[in-house]
Amino acid sequence: MFIEGMLENDKQIVLDAANNVFVGPNGYFKIVIDKFDGKTIQAWHVEDAQGNSTGNLARRSGGKHIDLLVNKDCRTVSHFLKRIALKVIAEQQDLLRKLEK
Amino acid sequence: MLSKRWLASLTVAALAAAGAVALPAAAAQKEADRALMKAPAADCAVVADFAGIKNVTTKSFIRKITLNEGLVIRQSRIEGGKIIIPPSGLYYSTRTPKSGVLQGDQVLILGKLYHFVDQATKLDVIKDVWVDKGGAAPFGDGTKVLELSSLQMGANGFPVANATFKILKQSGNYYGVTFPVATSELFTDIASGALNKGAGRETGSYLPEQKGQDFETEYYASSVAVSGQTYLTAAEVGPKGAKIVEFGTGALRFMLLTEKDPKQALMGAGDAISCGGFTVKVTEVGSDYAKVELKHQDSGKTWTKQLGPLTAEVMKYMPVDEEERGRFILRDDQDRAQVQMNLYKAGGPFKAGKVEIALYTDLMKLGNPSRWAADDRFLYRPDT
């Protein structure tokens, strides 16, 4: 039975303000660093091959790393997501409260 | 808890044993630096839905299934003014609900559907291993571990150790079932069969002072935990760790996929179909078997086989029984094409003296792990 497969980067990926794009396998997606001062990532996003783009993903980590989970319907992702779901819900409510003010 | 100590001990031989399409030595020796078995940081970015990472519903011969893609980054960091993602720190995930071969299931990779043609498996076993509280024991090629995830004292209200093992996979996820075990003279070990016919009580409610009703000292545990093919037998569970007698679990060695649709036909003796540079000819159809000849058109090389016989006995563990499945499959010597008796076609494979045959060609063999041929910056690795 097959349940899950991964395509993973063989070599270390190094990004900075100048070399700011990593293209995923077969060009399926891109990781784009939009603003980085060498210490903190102020803005970054993911793009797909059709040009769709996520918003800025820097908020949760405070710009300290670019760890990422995409697609709640993928069980690989949702298993990780469940570990932090309550925290994420609380953060979202906090953000909504701030927006409503 | 998961040190690089044992990852560093991985050998090329161990990786070669892991799959038919093993990586070259130079690549294999870098395994110690990989972010395998790690989870993304708790404060990772979360994107619930994104157009480019898809969910696709397909229909096989026997069912409808939804296939999901995912994207994960783990262990990324800032170092020396650069953003670093370690090897295996970024992965694209393709997830299926237990796809099987022979039944027309498909696998989604980077937005494309591939026919799931065949697979080969192995069983990894470790014996007589002590695992410290909070520790883990590697098995197989060392890219998965059996983790002693919790060792609780007093879970039942008195100070006896209860262990829960989990299988930590390359993706950083755990296998979906946990393995709780305990051993103590204060427990009745149900692996002895103590509860096989129940505890002997009738329907009702009981009080401690009733004669023979010492249920407040009647606690059960098991020294054995199972999930399908996976089994774990504990010799001892104590406050400092647990001794495993034996643990076994399955893994994939390789899988065969193709993007090209198969040529399928109901064929009688003498009929032939061609596809992808191969021709398959049916030379005989019996009541429960068929003889076929596969020919590579360019080289003229041929392979012949009797597919079947098809009996109720061989179908018991199909399609997962690799050896029995092999009776219904013929491949060329380079695994470029596969002829199969279409066992799961509606109405069964035999109809009016003819047999349902499928010819899959342009096969892609993906090992555990192997390089992704379309973009060699990436490795393919099953997380099963």
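Me: Hello! Which residue of strand 22 of chain B does Ala290(B) stand opposite?

Reply: This is a predicted model, where local features need pLDDT of at least 70 and side-chain atom pairs count only at pLDDT 80 or more, while totals for chains, interfaces and linings use all residues. Residues are numbered from 1 along each chain as its sequence is written, with chains lettered from A and ligands numbered from 1 in the order in which they are written. Strand 21 (residues 290-296) of chain B runs antiparallel to strand 22 of chain B, joined by 6 bridges. Opposite Ala290(B) in strand 22 stands Leu307(B).

Me: In the open sheet with the order 19-20-21-22 in chain B, which are the edge strands?

Reply: Strands here are DSSP runs of E of at least two residues, and helices are runs of H or I of at least four, numbered from the N terminus; two strands pair if DSSP finds at least two bridges between them. The 4 strands of this sheet pair antiparallel. An edge strand pairs on one side only, and that description fits strand 19 (272-275) and strand 22 (302-307) of chain B.

Me: Which residue in the turn between strand 7 and strand 8 of chain B has a positive phi?

Reply: Strand 7 (residues 106-109) and strand 8 (residues 112-132) of chain B are antiparallel, with 4 bridges, and Leu108(B) faces Leu113(B) across the pair. The two strands make a hairpin with 2 residues between them. The phi in question is about 50 degrees, and the residue is Leu110(B).

Me: How many bridges join strand 8 to strand 17 of chain B?

Reply: Strand 17 covers residues 241-258 and runs antiparallel to strand 8 of chain B. Within this pair, His115(B) is set opposite Thr258(B). The number of bridges is 16.

Me: Over to chain A: what pattern do its elements follow along the sequence?

Reply: Chain A has 1 helix and 6 strands. Along the sequence, these elements read β-β-β-β-β-β-α.

Me: How many residues of chain B are in contact with chain A?

Reply: Contact means that the C-beta atoms of two residues, placed from the backbone, lie within 7 Å. Chain A brings 54 residues to this side, and the elements that give two or more of them include strand 1 (2-9) and helix 1 (75-100). The count for chain B is 68.

Me: Which residue of chain B is the bridge partner of Val70(A)?

Reply: Strand 6 of chain A and strand 3 (residues 64-73) of chain B are antiparallel partners over 3 bridges. In strand 3, the partner of Val70(A) is Leu71(B).
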